Amino acid sequence: MTTAARPGVAHGVAAPGRAQVDARTLRTDRWWLPPAATTIGLAIFLVYGGVRAFQQQYFFADERYLTPFYSPCVSLGCAAEPGAAHFGMFIPDHPLIPYAALTLPFLLLFRLTCYYYRKAYYRSVWMAPAACSVPEPHGTYHGETRFPLILQNSHRYFFYLTLVISLINTYDAVVAFRHPADGFVVGVGNLVLLTNVALLWLYTISCHSCRHAMGGRLKHFSQHPVRYRLWTTISALNTRHHLFAWITLGTLILTDLYVMLVARGTITDLRLIG
Ligand code: FES
């Protein structure tokens, strides 16, 4: 091992003054496991979500359960399940346009620009770097100071949009307690939708942008006791934001799967009340 620079290379671990090591890494443990697991987890969600968003079937069950992947159902195609269209139908019915095309792009961008997911896919997918003492394969590093990564700063705006979408999901979960023929009913599906929406709220309000909106730029907490209280609560949730990020990926899939299976008639929704 020497400290001589490799000729013609000026970046990263091969920059002048850095120790010259020919091996990609000297780590012998399974450092690749966490980034590989992260990549697989994100890929599963994207593939599942993509397939379901374009399937345009089995999105509404028992005349009251609407899967979050189709909320709000605003396509003209939602006419197949009239009870699913809580906010009208005005988007063209086309195989390449998801029924929830009004919200899905923003939800995707909200997650894509999320501080936690950025860390996750920068390290796992982009390998920048994949682990400590494992050099990244890229020759240059500009962080998020240039296009396109500077667009990650738009996260705060997607946060505000997602607040509205979370309200819509909450509305879906609440109206699901009313069956058109039977009135007020409670089934396992209601508990599934409620759990999903509660966890979505935890993920959304534990967002770093939410924390900043509550307590950022305040010079005197004592003059803003309500905001200070909210900021401390959100700060506590924020320490588990990564956890909520993963849990909600799982609950979104499970909730959609439940609605799909009931809609297909594969399983029957168990009525607890009504
Ligand atoms: Fe993750 Fe905002 S930081 S949703």
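These legends go with several close-up views of a predicted model.

**View A. The largest nonpolar core and its best-connected members.** This core has 33 residues. Look for Phe 59, Leu 66, Cys 73, Tyr 117 and Tyr 203, the residues with the most contacts inside it. Several helices contribute here: helix 1 (33-55), helix 3 (115-124), helix 4 (155-175), helix 5 (188-205), helix 7 (225-238) and helix 8 (241-264) each provide at least two of the core's residues. A useful idea to keep in mind is that nonpolar side chains tend to be buried together in soluble globular proteins. Another core, of nine residues, lies apart from the largest one, and among its members are Ala 173, Ala 176, Val 259 and Val 262.

**View B. The surroundings of Phe 59.** Which residues does Phe 59 touch, not counting residues up to four places away in sequence? Its partners are Arg 52, Tyr 65, Leu 66, Thr 67, Tyr 70, Cys 73, Cys 78, Glu 81, Ala 84, Tyr 99 and Val 259. Two of these names, Leu 66 and Cys 73, may be familiar from View A, where they were listed with Phe 59 itself.

**View C. Helix 1 meets helix 3.** The two helices pack at an angle of about 115 degrees, and their axes are 9 Å apart. Their crossing is left-handed. On the helix 1 side you can find Pro 35, Thr 38, Thr 39 and Leu 42, while helix 3 brings Tyr 117, Ala 120, Tyr 121, Arg 123 and Ser 124. Sorted by class, this contact has five nonpolar, three polar and one charged residues.

**View D. Two residues of helix 4.** Thr 162 sits in helix 4. Is Thr 162 buried or exposed? Thr 162 counts as buried because its relative accessible area is 3%, under the 20% cut-off. Leaving aside neighbours within four places in sequence, Thr 162 is in contact with Leu 107, Phe 110 and Thr 204. Val 175 also belongs to helix 4. With a relative accessible area of 25%, Val 175 is partly exposed.

**View E. Along helix 5.** How far apart are the end C-alpha atoms of helix 5? They are 26 Å apart, and this agrees with the expected span because 18 residues at 1.5 Å a residue should also cover 26 Å. Buried residues in helix 5 are Gly 189, Asn 190, Leu 193, Asn 196, Val 197, Leu 199, Leu 200, Tyr 203 and Thr 204. Finally, try finding Asn 190 together with Val 175: they are 15 residues apart in sequence and 9.6 Å apart in space, C-alpha to C-alpha.

Technical notes:
Residues numbered from 1 in each chain as written. Predicted model: local features only at pLDDT ≥ 70, side-chain atom pairs only at ≥ 80, totals over all residues. Heavy atoms only, no water. Core = buried A, V, L, I, M, F, W, Y, C linked by side-chain atoms within 4.5 Å. Buried < 20%, exposed > 50% of the residue type's maximum accessible area, 1.4 Å probe, protein only. Helix = DSSP H or I, 4+ residues; strand = E, 2+ residues; numbered from the N terminus. Contact = heavy atoms within 4.5 Å. Axes fitted to C-alpha atoms, helices over the stretch in contact; angles between N-to-C directions. Left-handed = near helix turned anticlockwise from the far one by under 90°. Nonpolar A, V, L, I, M, F, W, Y, C, P; charged D, E, K, R; others polar. Expected span 1.5 Å × (residues − 1).
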